[in-house]
Protein chains: 6
Amino acid sequence: MKLSARNVLKGEVKKLTPGMVNTEVVVELAGGAEIVAIITKQSAEGLALAEGKEIHAVIKASNVMIATD
Amino acid sequence: MKLSARNVLKGEVKKLTPGMVNTEVVVELAGGAEIVAIITKQSAEGLALAEGKEIHAVIKASNVMIATD
Amino acid sequence: MKLSARNVLKGEVKKLTPGMVNTEVVVELAGGAEIVAIITKQSAEGLALAEGKEIHAVIKASNVMIATD
Amino acid sequence: MKLSARNVLKGEVKKLTPGMVNTEVVVELAGGAEIVAIITKQSAEGLALAEGKEIHAVIKASNVMIATD
Amino acid sequence: MKLSARNVLKGEVKKLTPGMVNTEVVVELAGGAEIVAIITKQSAEGLALAEGKEIHAVIKASNVMIATD
Amino acid sequence: MKLSARNVLKGEVKKLTPGMVNTEVVVELAGGAEIVAIITKQSAEGLALAEGKEIHAVIKASNVMIATD
């Protein structure tokens, strides 16, 4: 599947925090930075996410903001 | 200002494509990866964005998805 | 690629309206309903979207609202 | 109330999973497909959602992505 | 129509800036503050938006962030 | 930090409802209206949110919809 989302960042799962509906996924990116995702618990289970698993963080460009110091 | 958004990634502006309402901002992250943002043209002007300028890409965690191969 | 987004709806491209930054994509779903997407112009070109092409509309569950009459 | 959101899909509630803050709503669309929404628990209660209730799934066009095989 | 979106703020249209795909809508809220929306051009036309028209700004709770000084 | 998000509304925290992953924040705006945010529990703790604390609600313009009566 090829996706219109412009941002696909390679990383691995560092930590999973499941709730009743959503799961928080902390991802360590290839470059060393961290990115956090909130996805449904069922998605996390469907993807068989586990610490150390190689994944991609995917973000639609319209959801990215810019900040300056 | 301190923000609830969990994802703040350091980078610099690589390319700006202004439209009539929105501007596309291509950001080169510190680790070498690229990330693309769509913000309003007025925001891009208000932040005085220009190629080479150091900025941060900011993303709310609920807008990050996870993909596996 | 397997994605955490829970909503993947099969359809075909009915109409494309390109702007300078974004492109509007009208999709006719398998069931007959229509769904509209705004993606970047570069994504639309990268996916080689054209009228009649079979595609999927993809939506993160946290971006779906519910309305009652 | 008439809304700017371009996507309003008719369906009925198939399953509700309440958490402490959010509720997951699985909707069966008129055409047979399923769509999942995450809304606040208080919204789900305010709309008196229950299995079998006729509702609409509402999605802003800028939150729809496109994928190809 | 009753909507799950928790945030419905009363205001009036102060300024419209149409592009080719999207339209920027500046809204003056009842309390005096301003809020800016980007909606599709076709939505703006479908709602017959014009300066001075009374409208509501609608925001899903998962799209609101919090900042402290 | 200066942010591209066009909407920054002054208010104070009226109520906090923590879940396992997310926290619901009810904000009373300066003009008297209320706005609700869903942020991660860790963000709410990192910002030391508490009832009565002065904060800003921040919203990207592409996440604002318009409704008419």
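## Briefing: strands, salt bridges and surface patches

A good place to start is F:T40, which lies in strand 4 (residues 34-40) of chain F. Please keep in mind that this is a predicted model. A search of the whole structure finds 12 salt bridges over all chains, and chains A, E and F supply the examples below. The surface also has a patch of negative charge and a nonpolar patch of about 290 Å².

**F:T40 in its strand**

- Is F:T40 buried or exposed? F:T40 has a relative accessible area of 5%, under the 20% cut-off, so this residue is buried.
- F:T40 and F:M20 are separated by 20 residues in sequence, while their C-alpha atoms are 9.0 Å apart in space.

**Chain A at a glance**

- Chain A contains one helix and six strands.
- Read from the N terminus, the order of these elements is β-β-β-β-α-β-β.
- The C-alpha trace of chain A spans about 35 × 25 × 25 Å along its principal axes.
- Chain A has 69 residues, and 59% of them count as buried.

**Salt bridges between strands 2 and 4**

- In chain A, A:K14 pairs with A:E34 in a salt bridge whose closest N and O atoms are 2.5 Å apart. This pair ties together distant parts of the chain, with A:K14 in strand 2 and A:E34 in strand 4 (residues 34-40), 20 residues apart.
- Both partners in chain A count as partly exposed: A:K14 has 42% relative accessibility, and A:E34 has 38%.
- In chain E, the side chains of E:K14 and E:E34 form a salt bridge with an N to O distance of 2.5 Å. Here E:K14 sits in strand 2 (residues 7-18) and E:E34 in strand 4 (residues 34-40), so distant parts of the chain, 20 residues apart, are linked.
- E:K14 is partly exposed at 41% relative accessibility, and E:E34 is partly exposed at 38%.
- In chain F, F:E34 and F:K14 meet through their side chains in a salt bridge, 2.5 Å from N to O. F:E34 belongs to strand 4 of chain F and F:K14 to strand 2 (residues 7-18), and the pair links distant parts of the chain, 20 residues apart.
- F:E34 has a relative accessible area of 38% and is partly exposed; F:K14 is also partly exposed, at 40%.

**Surface patches**

- Which residues gather in the patch of negative charge on the surface? They are A:E12, A:E28, A:E54 and B:D69.
- One member of that patch, A:E12, is found in strand 2 (residues 7-18) of chain A. With 37% relative accessibility, A:E12 counts as partly exposed.
- The nonpolar surface patch of about 290 Å² is made by A:M1, A:V8, C:M1 and C:V8.
- A:M1, one of the residues in the nonpolar patch, lies in the segment before strand 1 (2-3) of chain A. At 35% relative accessibility, A:M1 counts as partly exposed.

**How chains F and B are related**

- Two copies of a chain are related by a rotation about an axis and a shift along it.
- For chain F laid on chain B, the turn is 180° and the shift along the axis is 0.0 Å, with an RMSD of 0.0 Å. This is the relation of a two-fold axis.
- Which C-alpha in chain F is nearest the axis? That of F:M1 is, at 2.8 Å from the axis.

Key. Residues are numbered from 1 along each chain as its sequence is written. Chains are lettered from A and ligands numbered from 1 in the order in which they are written. This is a predicted model: local features need pLDDT of at least 70, side-chain atom pairs count only at pLDDT 80 or more; totals for chains, interfaces and linings use all residues. Side-chain values use heavy atoms; hydrogens and water are left out. Patches are made of residues with over 30% relative accessible area and no salt bridge: like charges are joined within 9 Å, nonpolar side chains (Val, Leu, Ile, Met, Phe, Trp, Tyr) within 5 Å. Accessible areas come from the Shrake-Rupley method with a 1.4 Å probe; for residues, only the protein chains shown count as cover. A salt bridge is a side-chain nitrogen of Lys or Arg within 4 Å of a carboxyl oxygen of Asp or Glu. Lys and Arg count as positive and Asp and Glu as negative; His and the chain ends are not counted. The place of a charge is taken as NZ of Lys, CZ of Arg, CG of Asp or CD of Glu. Helices (H or I, at least four residues) and strands (E, at least two) are DSSP runs, numbered from the N terminus. Buried means under 20% relative accessible area, exposed over 50%, partly exposed in between (1.4 Å probe, protein chains only). Copies are superposed by least squares on the C-alpha atoms of residues with pLDDT of at least 70 in both.
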